[in-house]
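Biologist: I have a model open and I'd like to know what stands behind the labels people put on it. Can we go through a few of them?

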Amino acid sequence: MSLVVGVDIGGTKIAAALVDHSGTLLATATRPTPATEGPDAILTTATALIHTLTESRGVVIAAGGAEVGRDLRDGRGSVGSDGGAEFGGGLRDGRGSVRPAGSAEFGRDLRDGRRSVGPPAEAGRDLREGRGAVESGSAEVGRDLHDRQGAVEAAGGAEVGRGVRDGRGSVGAGGSAEVGRDLRDGTVDPAGVGGLGGRGIVTAVGVGSAGVVDPGRGVVVSATGALAGWAGTDLRGELSRRLGVPVVVGNDVHAHALGEQWRGAAAGREDVLLVAVGTGVGASVMLGGRVRHGAHAVAGHAGHVPVAAAAGRPCPCGGQGHVEAVASGPALIGEYRRRGGTDAADLAGVARLAAAGDPLAADVLAEGGAALGSLIGGLMNVIDPEIVVIGGGVAGCGEPWWRPLRAAIAAEVLPALRDVPVEPAALAGAAALLGAARMALEASP
(Lines give C-alpha, C1' and ligand atoms only; values in the text may rest on other atoms or scores of the structure.)
Protein backbone atom coordinates (compact mmCIF):
# COMPACT_ATOMS: atom_id res chain seq x y z
CA MET A 1 0.00 0.00 0.00
CA SER A 2 1.35 3.41 -1.00
CA LEU A 3 1.23 5.97 1.82
CA VAL A 4 2.52 9.44 2.62
CA VAL A 5 3.56 11.22 5.80
CA GLY A 6 2.29 14.68 6.69
CA VAL A 7 4.41 16.78 9.06
CA ASP A 8 3.55 19.98 10.94
CA ILE A 9 6.56 21.91 12.29
CA GLY A 10 5.55 24.50 14.86
CA GLY A 11 7.23 26.54 17.52
CA THR A 12 6.36 24.18 20.37
CA LYS A 13 5.91 20.76 18.79
CA ILE A 14 6.47 18.73 15.65
CA ALA A 15 3.66 16.39 14.65
CA ALA A 16 3.61 13.68 12.00
CA ALA A 17 0.88 11.47 10.57
CA LEU A 18 0.77 8.42 8.36
CA VAL A 19 -1.96 9.04 5.75
CA ASP A 20 -3.46 7.01 2.93
CA HIS A 21 -4.80 8.27 -0.39
CA SER A 22 -8.34 8.70 0.96
CA GLY A 23 -7.17 11.12 3.64
CA THR A 24 -7.45 8.67 6.53
CA LEU A 25 -5.05 9.31 9.41
CA LEU A 26 -3.60 5.89 10.14
CA ALA A 27 -1.27 6.91 12.96
CA THR A 28 0.11 10.09 14.51
CA ALA A 29 2.96 11.05 16.79
CA THR A 30 4.49 14.24 18.20
CA ARG A 31 7.71 15.48 19.74
CA PRO A 32 8.64 18.81 21.30
CA THR A 33 10.32 21.22 18.91
CA PRO A 34 13.92 22.05 19.89
CA ALA A 35 13.09 25.61 18.87
CA THR A 36 16.15 27.28 20.39
CA GLU A 37 18.70 24.75 19.12
CA GLY A 38 18.78 25.68 15.45
CA PRO A 39 17.69 24.16 12.12
CA ASP A 40 19.78 20.99 12.33
CA ALA A 41 18.23 20.00 15.66
CA ILE A 42 14.73 20.67 14.32
CA LEU A 43 15.34 18.66 11.14
CA THR A 44 16.93 15.83 13.12
CA THR A 45 13.92 15.70 15.44
CA ALA A 46 11.50 15.69 12.51
CA THR A 47 13.43 12.91 10.76
CA ALA A 48 13.55 10.78 13.90
CA LEU A 49 9.84 11.31 14.49
CA ILE A 50 8.99 10.15 10.97
CA HIS A 51 11.11 7.02 11.40
CA THR A 52 9.56 6.27 14.79
CA LEU A 53 6.07 6.63 13.32
CA THR A 54 6.67 4.45 10.28
CA GLU A 55 8.65 1.78 12.11
CA SER A 56 5.93 1.47 14.75
CA ARG A 57 3.51 0.47 12.00
CA GLY A 58 5.81 -1.82 10.04
CA VAL A 59 5.97 0.67 7.17
CA VAL A 60 9.07 1.39 5.10
CA ILE A 61 10.17 4.69 3.57
CA ALA A 62 11.22 4.10 0.00
CA ALA A 63 11.69 6.16 -3.14
CA GLY A 64 9.92 5.36 -6.40
CA GLY A 65 12.40 2.68 -7.37
CA ALA A 66 11.98 0.59 -4.25
CA GLU A 67 11.07 -3.06 -4.44
CA VAL A 68 9.41 -5.02 -1.67
CA GLY A 69 9.23 -8.76 -1.36
CA ARG A 70 10.63 -9.88 -4.72
CA ASP A 71 9.73 -13.44 -4.04
CA LEU A 72 7.94 -14.20 -0.82
CA ARG A 73 7.89 -17.83 -1.78
CA ASP A 74 11.63 -18.11 -1.42
CA GLY A 75 11.70 -15.69 1.47
CA ARG A 76 13.60 -12.97 -0.34
CA GLY A 77 12.72 -9.29 -0.69
CA SER A 78 14.33 -5.91 -0.88
CA VAL A 79 13.42 -2.30 -0.20
CA GLY A 80 15.59 0.29 -1.90
CA SER A 81 15.96 3.89 -0.72
CA ASP A 82 18.59 5.93 -2.53
CA GLY A 83 19.51 2.59 -4.06
CA GLY A 84 20.88 1.24 -0.80
CA ALA A 85 18.35 -0.26 1.61
CA GLU A 86 17.58 -3.96 1.54
CA PHE A 87 15.05 -5.88 3.63
CA GLY A 88 14.71 -9.58 4.26
CA GLY A 89 17.60 -10.98 2.26
CA GLY A 90 16.45 -14.54 2.92
CA LEU A 91 13.51 -15.35 5.16
CA ARG A 92 13.97 -19.06 4.52
CA ASP A 93 17.22 -19.08 6.40
CA GLY A 94 16.08 -16.39 8.81
CA ARG A 95 18.40 -13.74 7.47
CA GLY A 96 17.62 -10.21 6.32
CA SER A 97 19.02 -6.72 6.44
CA VAL A 98 17.91 -3.10 6.31
CA ARG A 99 20.63 -0.64 5.43
CA PRO A 100 19.33 2.93 5.33
CA ALA A 101 22.20 5.32 4.73
CA GLY A 102 24.47 2.30 4.57
CA SER A 103 24.43 1.56 8.28
CA ALA A 104 21.53 -0.18 10.04
CA GLU A 105 21.10 -3.94 9.88
CA PHE A 106 17.91 -5.85 10.66
CA GLY A 107 17.23 -9.52 11.11
CA ARG A 108 20.69 -10.98 11.21
CA ASP A 109 19.38 -14.41 11.95
CA LEU A 110 15.70 -15.01 12.64
CA ARG A 111 16.47 -18.65 13.27
CA ASP A 112 18.16 -17.87 16.57
CA GLY A 113 15.81 -14.96 17.28
CA ARG A 114 18.42 -12.22 16.93
CA ARG A 115 17.93 -8.91 15.13
CA SER A 116 19.71 -5.60 15.22
CA VAL A 117 18.91 -2.12 13.95
CA GLY A 118 21.98 0.01 13.54
CA PRO A 119 24.50 0.66 16.26
CA PRO A 120 23.66 0.98 19.10
CA ALA A 121 20.01 -0.03 18.58
CA GLU A 122 19.03 -3.68 18.95
CA ALA A 123 15.72 -5.36 18.12
CA GLY A 124 14.42 -8.76 19.20
CA ARG A 125 17.37 -10.10 21.15
CA ASP A 126 15.70 -13.44 21.45
CA LEU A 127 12.40 -13.95 19.67
CA ARG A 128 12.29 -17.45 21.03
CA GLU A 129 11.80 -16.07 24.51
CA GLY A 130 9.46 -13.39 23.23
CA ARG A 131 11.63 -10.38 23.95
CA GLY A 132 12.54 -7.49 21.68
CA ALA A 133 13.75 -3.92 21.87
CA VAL A 134 14.42 -1.08 19.52
CA GLU A 135 16.54 1.62 21.03
CA SER A 136 17.12 4.97 19.42
CA GLY A 137 18.08 7.33 22.15
CA SER A 138 15.43 6.26 24.64
CA ALA A 139 12.90 4.42 22.48
CA GLU A 140 12.02 0.80 23.18
CA VAL A 141 9.69 -1.44 21.20
CA GLY A 142 8.04 -4.74 22.10
CA ARG A 143 9.06 -5.43 25.68
CA ASP A 144 7.44 -8.86 25.71
CA LEU A 145 6.16 -10.63 22.65
CA HIS A 146 5.14 -13.64 24.76
CA ASP A 147 2.01 -11.85 25.96
CA ARG A 148 1.68 -9.91 22.70
CA GLN A 149 2.32 -6.68 24.48
CA GLY A 150 4.36 -3.95 22.84
CA ALA A 151 5.35 -0.36 23.39
CA VAL A 152 7.11 2.38 21.51
CA GLU A 153 8.46 5.11 23.72
CA ALA A 154 9.95 8.28 22.33
CA ALA A 155 10.82 11.48 24.15
CA GLY A 156 9.66 9.74 27.29
CA GLY A 157 6.04 9.66 26.31
CA ALA A 158 4.91 7.69 23.28
CA GLU A 159 3.36 4.28 23.55
CA VAL A 160 2.22 2.03 20.72
CA GLY A 161 0.14 -1.13 20.90
CA ARG A 162 -0.34 -1.60 24.63
CA GLY A 163 -2.23 -4.81 23.99
CA VAL A 164 -2.45 -6.29 20.54
CA ARG A 165 -4.59 -9.10 21.87
CA ASP A 166 -7.49 -6.76 22.56
CA GLY A 167 -6.92 -4.64 19.48
CA ARG A 168 -5.66 -1.67 21.43
CA GLY A 169 -2.87 0.64 20.38
CA SER A 170 -1.72 4.19 20.66
CA VAL A 171 0.89 6.45 19.15
CA GLY A 172 1.81 9.46 21.16
CA ALA A 173 4.70 11.64 22.12
CA GLY A 174 4.87 14.29 24.72
CA GLY A 175 2.07 12.34 26.37
CA SER A 176 -0.58 13.57 23.99
CA ALA A 177 -1.54 11.98 20.70
CA GLU A 178 -3.33 8.64 20.61
CA VAL A 179 -4.43 6.65 17.60
CA GLY A 180 -6.56 3.55 17.41
CA ARG A 181 -7.63 2.93 20.99
CA ASP A 182 -9.48 -0.13 19.80
CA LEU A 183 -9.02 -1.60 16.34
CA ARG A 184 -12.19 -3.57 16.87
CA ASP A 185 -14.28 -0.41 16.89
CA GLY A 186 -12.69 0.84 13.67
CA THR A 187 -10.89 3.84 15.19
CA VAL A 188 -7.95 2.84 13.04
CA ASP A 189 -8.68 1.21 9.71
CA PRO A 190 -7.39 -2.37 10.17
CA ALA A 191 -6.84 -2.68 6.43
CA GLY A 192 -4.81 0.50 6.50
CA VAL A 193 -2.65 -0.19 9.55
CA GLY A 194 -3.02 -3.67 10.95
CA GLY A 195 -3.42 -5.06 7.46
CA LEU A 196 -0.21 -3.59 6.13
CA GLY A 197 1.72 -6.64 7.16
CA GLY A 198 4.94 -4.64 6.98
CA ARG A 199 4.39 -3.97 3.27
CA GLY A 200 3.16 -0.37 3.39
CA ILE A 201 5.48 2.04 1.62
CA VAL A 202 5.83 5.77 2.27
CA THR A 203 6.63 7.29 -1.10
CA ALA A 204 6.61 11.01 -0.22
CA VAL A 205 6.51 13.42 2.71
CA GLY A 206 4.66 16.73 2.94
CA VAL A 207 5.66 19.40 5.46
CA GLY A 208 3.82 22.44 6.72
CA SER A 209 6.14 24.79 8.58
CA ALA A 210 5.96 28.03 10.47
CA GLY A 211 7.46 30.97 8.60
CA VAL A 212 7.35 32.26 5.04
CA VAL A 213 8.01 29.14 2.98
CA ASP A 214 8.65 29.21 -0.76
CA PRO A 215 7.10 25.96 -2.03
CA GLY A 216 8.84 26.29 -5.39
CA ARG A 217 12.35 26.34 -3.96
CA GLY A 218 11.52 24.44 -0.77
CA VAL A 219 13.23 27.09 1.35
CA VAL A 220 12.14 29.00 4.46
CA VAL A 221 12.36 32.58 3.19
CA SER A 222 11.88 34.27 6.56
CA ALA A 223 10.69 33.40 10.05
CA THR A 224 10.17 34.94 13.46
CA GLY A 225 12.40 34.17 16.41
CA ALA A 226 10.10 31.34 17.49
CA LEU A 227 12.41 28.97 15.59
CA ALA A 228 16.03 30.03 16.02
CA GLY A 229 17.90 30.40 12.73
CA TRP A 230 14.99 28.95 10.72
CA ALA A 231 15.13 31.58 7.96
CA GLY A 232 17.16 30.33 5.02
CA THR A 233 16.71 26.64 5.83
CA ASP A 234 16.57 24.37 2.78
CA LEU A 235 13.66 22.46 4.26
CA ARG A 236 12.86 20.36 1.22
CA GLY A 237 16.44 19.55 0.29
CA GLU A 238 17.58 18.64 3.79
CA LEU A 239 14.62 16.42 4.65
CA SER A 240 14.69 14.71 1.27
CA ARG A 241 18.39 13.97 1.74
CA ARG A 242 17.79 12.52 5.19
CA LEU A 243 14.71 10.48 4.29
CA GLY A 244 15.56 9.41 0.74
CA VAL A 245 12.10 10.26 -0.66
CA PRO A 246 10.55 13.32 -2.34
CA VAL A 247 9.54 16.07 0.12
CA VAL A 248 7.02 18.85 -0.56
CA VAL A 249 6.95 21.88 1.75
CA GLY A 250 4.70 24.85 2.44
CA ASN A 251 3.53 27.24 5.12
CA ASP A 252 1.71 25.61 8.04
CA VAL A 253 -1.44 27.75 7.71
CA HIS A 254 -1.72 26.84 4.03
CA ALA A 255 -1.48 23.21 5.14
CA HIS A 256 -4.34 23.86 7.60
CA ALA A 257 -6.45 25.23 4.74
CA LEU A 258 -5.73 22.25 2.51
CA GLY A 259 -6.75 19.88 5.31
CA GLU A 260 -9.98 21.68 6.12
CA GLN A 261 -10.89 21.95 2.43
CA TRP A 262 -10.19 18.23 1.94
CA ARG A 263 -11.85 16.64 4.95
CA GLY A 264 -13.03 19.43 7.27
CA ALA A 265 -15.26 22.47 7.58
CA ALA A 266 -14.63 23.67 4.03
CA ALA A 267 -15.01 20.31 2.31
CA GLY A 268 -16.47 20.72 -1.15
CA ARG A 269 -15.83 24.49 -1.31
CA GLU A 270 -13.56 25.99 -3.93
CA ASP A 271 -13.04 29.54 -2.64
CA VAL A 272 -12.02 29.51 1.01
CA LEU A 273 -10.56 31.94 3.52
CA LEU A 274 -8.98 30.22 6.50
CA VAL A 275 -7.73 32.25 9.46
CA ALA A 276 -5.61 30.64 12.18
CA VAL A 277 -5.24 32.45 15.50
CA GLY A 278 -2.82 31.09 18.06
CA THR A 279 0.65 32.29 18.99
CA GLY A 280 0.31 34.43 15.86
CA VAL A 281 -2.33 35.28 13.28
CA GLY A 282 -2.14 33.73 9.84
CA ALA A 283 -4.44 33.12 6.90
CA SER A 284 -4.68 31.11 3.72
CA VAL A 285 -6.60 31.98 0.59
CA MET A 286 -7.88 29.19 -1.66
CA LEU A 287 -9.37 30.17 -5.01
CA GLY A 288 -10.59 27.56 -7.44
CA GLY A 289 -9.57 24.87 -4.96
CA ARG A 290 -5.92 25.94 -4.95
CA VAL A 291 -3.87 27.73 -2.32
CA ARG A 292 -2.58 31.07 -3.52
CA HIS A 293 0.99 31.65 -2.39
CA GLY A 294 1.63 34.95 -4.15
CA ALA A 295 4.65 36.13 -6.09
CA HIS A 296 6.93 36.05 -3.04
CA ALA A 297 5.29 33.24 -1.00
CA VAL A 298 4.03 35.84 1.49
CA ALA A 299 0.30 35.56 0.72
CA GLY A 300 -1.77 34.83 3.82
CA HIS A 301 0.28 36.65 6.45
CA ALA A 302 -2.80 38.49 7.65
CA GLY A 303 -1.39 39.02 11.12
CA HIS A 304 0.70 41.84 9.74
CA VAL A 305 -2.16 43.97 8.45
CA PRO A 306 -2.60 47.22 10.41
CA VAL A 307 -5.80 47.71 12.44
CA ALA A 308 -6.84 50.71 14.53
CA ALA A 309 -7.15 48.70 17.74
CA ALA A 310 -3.43 47.80 17.60
CA ALA A 311 -2.15 51.34 17.00
CA GLY A 312 1.26 51.81 18.60
CA ARG A 313 1.60 48.22 19.82
CA PRO A 314 4.77 46.35 18.80
CA CYS A 315 4.36 43.30 16.60
CA PRO A 316 6.68 40.25 16.73
CA CYS A 317 7.66 40.99 13.12
CA GLY A 318 9.30 44.24 14.25
CA GLY A 319 6.54 46.50 12.99
CA GLN A 320 3.80 48.27 14.93
CA GLY A 321 0.03 48.37 14.90
CA HIS A 322 -0.53 44.98 13.26
CA VAL A 323 -3.54 42.86 14.20
CA GLU A 324 -1.28 40.14 15.64
CA ALA A 325 -0.24 42.61 18.33
CA VAL A 326 -3.79 42.73 19.67
CA ALA A 327 -5.52 39.51 18.59
CA SER A 328 -3.00 36.67 19.04
CA GLY A 329 -2.98 34.44 22.10
CA PRO A 330 0.12 36.04 23.65
CA ALA A 331 -1.34 39.50 22.98
CA LEU A 332 -4.59 38.63 24.76
CA ILE A 333 -2.99 37.21 27.90
CA GLY A 334 -0.50 40.11 27.87
CA GLU A 335 -3.31 42.65 27.72
CA TYR A 336 -5.17 40.92 30.55
CA ARG A 337 -2.11 41.18 32.76
CA ARG A 338 -1.34 44.74 31.67
CA ARG A 339 -4.76 45.76 32.93
CA GLY A 340 -4.10 44.21 36.31
CA GLY A 341 -5.60 40.76 35.83
CA THR A 342 -4.09 38.19 38.18
CA ASP A 343 -6.66 35.39 38.34
CA ALA A 344 -5.66 33.60 35.13
CA ALA A 345 -2.34 31.92 34.45
CA ASP A 346 -2.94 31.46 30.72
CA LEU A 347 -5.40 32.20 27.94
CA ALA A 348 -7.59 29.22 28.83
CA GLY A 349 -7.92 30.73 32.29
CA VAL A 350 -8.94 34.08 30.78
CA ALA A 351 -11.57 32.30 28.68
CA ARG A 352 -12.97 30.51 31.74
CA LEU A 353 -13.21 33.79 33.63
CA ALA A 354 -14.93 35.48 30.70
CA ALA A 355 -17.46 32.65 30.43
CA ALA A 356 -18.20 33.08 34.13
CA GLY A 357 -18.87 36.78 33.67
CA ASP A 358 -15.58 38.36 34.74
CA PRO A 359 -15.73 41.83 33.12
CA LEU A 360 -11.99 42.30 32.60
CA ALA A 361 -11.51 38.91 30.94
CA ALA A 362 -14.61 39.45 28.80
CA ASP A 363 -13.43 42.91 27.68
CA VAL A 364 -9.99 41.61 26.67
CA LEU A 365 -11.45 38.78 24.58
CA ALA A 366 -14.06 41.06 23.05
CA GLU A 367 -11.49 43.64 21.96
CA GLY A 368 -9.22 41.01 20.42
CA GLY A 369 -12.12 39.27 18.70
CA ALA A 370 -13.51 42.53 17.33
CA ALA A 371 -10.11 43.58 15.95
CA LEU A 372 -9.72 40.25 14.19
CA GLY A 373 -13.31 40.35 12.93
CA SER A 374 -12.76 43.76 11.40
CA LEU A 375 -9.75 42.42 9.53
CA ILE A 376 -11.60 39.30 8.36
CA GLY A 377 -14.51 41.36 7.07
CA GLY A 378 -12.13 43.47 5.02
CA LEU A 379 -10.41 40.38 3.62
CA MET A 380 -13.78 38.92 2.66
CA ASN A 381 -14.53 42.03 0.62
CA VAL A 382 -11.31 41.49 -1.32
CA ILE A 383 -11.46 37.70 -1.73
CA ASP A 384 -15.22 36.92 -1.97
CA PRO A 385 -14.98 33.47 -0.35
CA GLU A 386 -17.68 30.79 -0.19
CA ILE A 387 -16.82 30.15 3.46
CA VAL A 388 -14.57 31.50 6.19
CA VAL A 389 -13.00 28.95 8.53
CA ILE A 390 -11.37 30.07 11.77
CA GLY A 391 -9.04 27.82 13.73
CA GLY A 392 -6.17 27.91 16.19
CA GLY A 393 -6.07 27.93 19.96
CA VAL A 394 -7.68 31.35 20.39
CA ALA A 395 -10.78 30.12 18.53
CA GLY A 396 -11.43 27.92 21.55
CA CYS A 397 -12.12 30.92 23.80
CA GLY A 398 -15.86 30.52 23.45
CA GLU A 399 -18.72 32.95 22.86
CA PRO A 400 -17.14 35.92 24.69
CA TRP A 401 -14.66 35.91 21.78
CA TRP A 402 -16.87 34.64 18.93
CA ARG A 403 -19.79 37.08 19.46
CA PRO A 404 -17.75 40.27 18.99
CA LEU A 405 -15.78 38.66 16.16
CA ARG A 406 -18.95 37.84 14.20
CA ALA A 407 -20.41 41.27 14.90
CA ALA A 408 -17.28 42.99 13.59
CA ILE A 409 -17.31 40.86 10.45
CA ALA A 410 -20.96 41.74 9.82
CA ALA A 411 -20.17 45.42 10.24
CA GLU A 412 -17.43 45.32 7.59
CA VAL A 413 -18.65 43.03 4.81
CA LEU A 414 -20.49 44.20 1.72
CA PRO A 415 -24.19 43.27 1.52
CA ALA A 416 -23.59 40.41 -0.92
CA LEU A 417 -21.35 38.69 1.64
CA ARG A 418 -23.57 38.88 4.72
CA ASP A 419 -24.70 35.29 4.35
CA VAL A 420 -21.24 33.81 3.88
CA PRO A 421 -20.81 31.21 6.65
CA VAL A 422 -18.12 31.84 9.26
CA GLU A 423 -17.35 28.49 10.89
CA PRO A 424 -14.89 27.07 13.41
CA ALA A 425 -12.32 24.68 12.01
CA ALA A 426 -13.42 21.05 12.25
CA LEU A 427 -10.12 19.14 12.30
CA ALA A 428 -8.11 20.88 15.04
CA GLY A 429 -4.48 19.74 14.94
CA ALA A 430 -5.20 17.10 12.30
CA ALA A 431 -5.86 19.77 9.65
CA ALA A 432 -2.23 20.71 9.05
CA LEU A 433 -1.19 17.04 8.99
CA LEU A 434 -3.82 16.17 6.42
CA GLY A 435 -2.97 19.26 4.41
CA ALA A 436 0.72 18.44 4.40
CA ALA A 437 -0.09 14.87 3.38
CA ARG A 438 -2.29 16.22 0.60
CA MET A 439 0.64 18.29 -0.70
CA ALA A 440 2.70 15.10 -0.90
CA LEU A 441 -0.09 13.17 -2.62
CA GLU A 442 -0.71 15.89 -5.21
CA ALA A 443 2.99 16.06 -6.01
CA SER A 444 3.28 12.29 -6.40
CA PRO A 445 3.15 10.80 -9.91
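Modeller: Sure, and keep in mind that this is a predicted model. Let's start with aromatic pairs: rings of Phe, Tyr and Trp, taking the six-membered ring of Trp, pair if their centres lie within 6.5 Å. Planes over 60 degrees apart count as edge-to-face. By this rule the count comes to one aromatic pair.

Biologist: What makes the pair of tryptophan 401 and tryptophan 402 edge-to-face?

Modeller: The ring centres of tryptophan 401 and tryptophan 402 are 5.3 Å apart, and the cut-off is 6.5 Å. Their planes stand at 90°, so the pair is edge-to-face.

Biologist: Why does tryptophan 401 count as buried, and why does tryptophan 402?

Modeller: Buried means under 20% relative accessible area. Tryptophan 401 has 0%, so it counts as buried. Tryptophan 402 has 6%, so that one counts as buried too.

Biologist: Where does helix α8 lie?

Modeller: Helix α8, residues 399-412, lies across β11, β14 and β15, and it runs at about 155° to β15.

Biologist: Those strands belong to a sheet. What makes β13 and β15 its edge strands?

Modeller: The sheet is open, with five strands in the order β13-β12-β11-β14-β15 and mixed pairing. β13 (290-291) and β15 (422-424) each pair on one side only, and that makes them the edges. Further in, β11 and β14 pair in the parallel sense over five bridges, with leucine 273 partnered by valine 388 of β14. Helix α3 packs on this sheet too, touching β11, β12, β13 and β14.

Biologist: How do you know that the length of helix α9 agrees with its number of residues?

Modeller: Helix α9 covers residues 430-443, which is 14 residues, and at 1.5 Å a residue it should span 20 Å. Its end C-alpha atoms are 20 Å apart, so the two agree.

Biologist: And why is α9 called largely enclosed?

Modeller: Twelve of its 14 residues are buried, so the rest of the structure largely encloses α9. Among them are Leu433, Leu434, Arg438 and Met439. The buried residues of α9 pack against β1, β2, β3, β7, β10 and α3.

Biologist: What about helix α2: how do you know that its buried residues line one face?

Modeller: The buried residues of α2 (residues 235-243) are Leu235, Leu239 and Leu243. Seen down the helix axis, they fall within an arc of 35°, so they line one face. Their packing partners include α1, β9 and β10. After α2 comes glycine 244, with a positive phi near 80°.

Terms used: Residues numbered from 1 in each chain as written. Predicted model: local features only at pLDDT ≥ 70, side-chain atom pairs only at ≥ 80, totals over all residues. Heavy atoms only, no water. Helix = DSSP H or I, 4+ residues; strand = E, 2+ residues; numbered from the N terminus. Expected span 1.5 Å × (residues − 1). Buried < 20%, exposed > 50% of the residue type's maximum accessible area, 1.4 Å probe, protein only. Contact = heavy atoms within 4.5 Å. Arc of directions from axis to C-beta. Pairing = 2+ DSSP bridges. Axes fitted to C-alpha atoms, helices over the stretch in contact; angles between N-to-C directions. Phe/Tyr/Trp six-rings, centres within 6.5 Å; stacked < 30°, edge-to-face > 60°.
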